[in-house]
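Q: Please take a close look at one helix pair in this model and describe how the two helices are arranged and which residues bring them together.

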Amino acid sequence: MSARFPDFRLGKVLATSFTGTLSERRGDTVERIPTPNRLVDWLAVSGLAVESCTAAQLERAWELRESIHAAATAAASRAPLPASAVQVINDCSTQGRAAAALTPEGNREWRLGPASSVEDALGVIAADAISIVAGERDGKLALCASPTCQAAFFDTSQSRTRRWCDMNTCGNRQKKARFNAHKHENPGSAK
Ligand SMILES: [Zn+2]
């Protein structure tokens, strides 16, 4: 039987796309990788295909995810990075075996070997997180303005003034809430 799971919301940045597999952290939390197989699915659509995943590997993935979330949130708020989060990110990065490869278009991509494990994929995600938290990439870490979300996202807009982690979800929801509040305040006002 196939259970229905929440859809993935894939972003352009691997590390924050990964932290986005748990959404609405400050509201009605949605877990988008609740089972080992769901993590395998997420890794496949993220270009990190692995054969299988155990319950322990899923636990490790969750641990890395929350560590990246904590480190990215601290970096976005210019707070000191939590030592435990740094430790988990570094351990995952050290344990992964993946190779940087150059595509014909001149981009860098990560390549896993044919016998790659979840640890190798987590290593790639950890390395991606390190590059954004370290400020190596063109963009800025920011926190989503939705009070129930507050996800850390990587703002690559020209002006660096993006407010929502995802315009289609958090941005639209906020707009709707404001619109409804406005209607409530001004019943019958024709504008
Ligand atoms: Zn958000």
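A: The model is a predicted one, and the helix pair is best placed first within the whole protein. There are six helices and six strands, and along the sequence they follow the pattern α-β-β-α-α-α-β-β-α-β-β-α. The C-alpha trace spans about 65 × 45 × 40 Å along its principal axes, and buried residues account for 31% of the 191 residues. Of the contacts between residues at least 6 apart in sequence, 54% join residues at least 24 apart.

The pair in question consists of helix α4, residues 83-95, and helix α5, residues 118-133. Two packed helices are described by the angle between their axes and the distance between the axes. Here the angle is about 125 degrees, and the axes of α4 and α5 lie 7 Å apart. Since an angle that is over 115 degrees but not over 145 falls outside the roughly perpendicular and roughly antiparallel ranges, α4 and α5 are therefore oblique to each other. As for handedness, the crossing in which α4 passes α5 is left-handed.

On the α4 side, the contact is made by Ile-89, Cys-92, Ser-93 and Gln-95, while α5 contributes Glu-119, Leu-122, Gly-123, Ala-126, Ala-127, Ala-129 and Ile-130. Sorted by class, the residues in this contact of α4 with α5 comprise seven that are nonpolar, three that are polar and one that is charged. Glycine is counted among the polar residues in that tally, and Gly-123 of α5 is one of the residues making the contact.

Key: Residues are numbered from 1 along each chain as its sequence is written. This is a predicted model: local features need pLDDT of at least 70, side-chain atom pairs count only at pLDDT 80 or more; totals for chains, interfaces and linings use all residues. Helices (H or I, at least four residues) and strands (E, at least two) are DSSP runs, numbered from the N terminus. A residue is buried if 20 or more other C-beta atoms lie within 10 Å of its own, exposed if 12 or fewer, and partly exposed in between; C-beta atoms are placed from the backbone. Two residues are in contact if their C-beta atoms, placed from the backbone, lie within 7 Å. Axes are lines fitted to C-alpha atoms, for helices over the stretch in contact, and angles run from 0 to 180 degrees between N-to-C directions. Angles under 35 degrees count as roughly parallel, over 145 as roughly antiparallel, 65 to 115 as roughly perpendicular and the rest as oblique. A crossing is left-handed if the near helix is turned anticlockwise from the far one by less than a right angle, and right-handed if clockwise.
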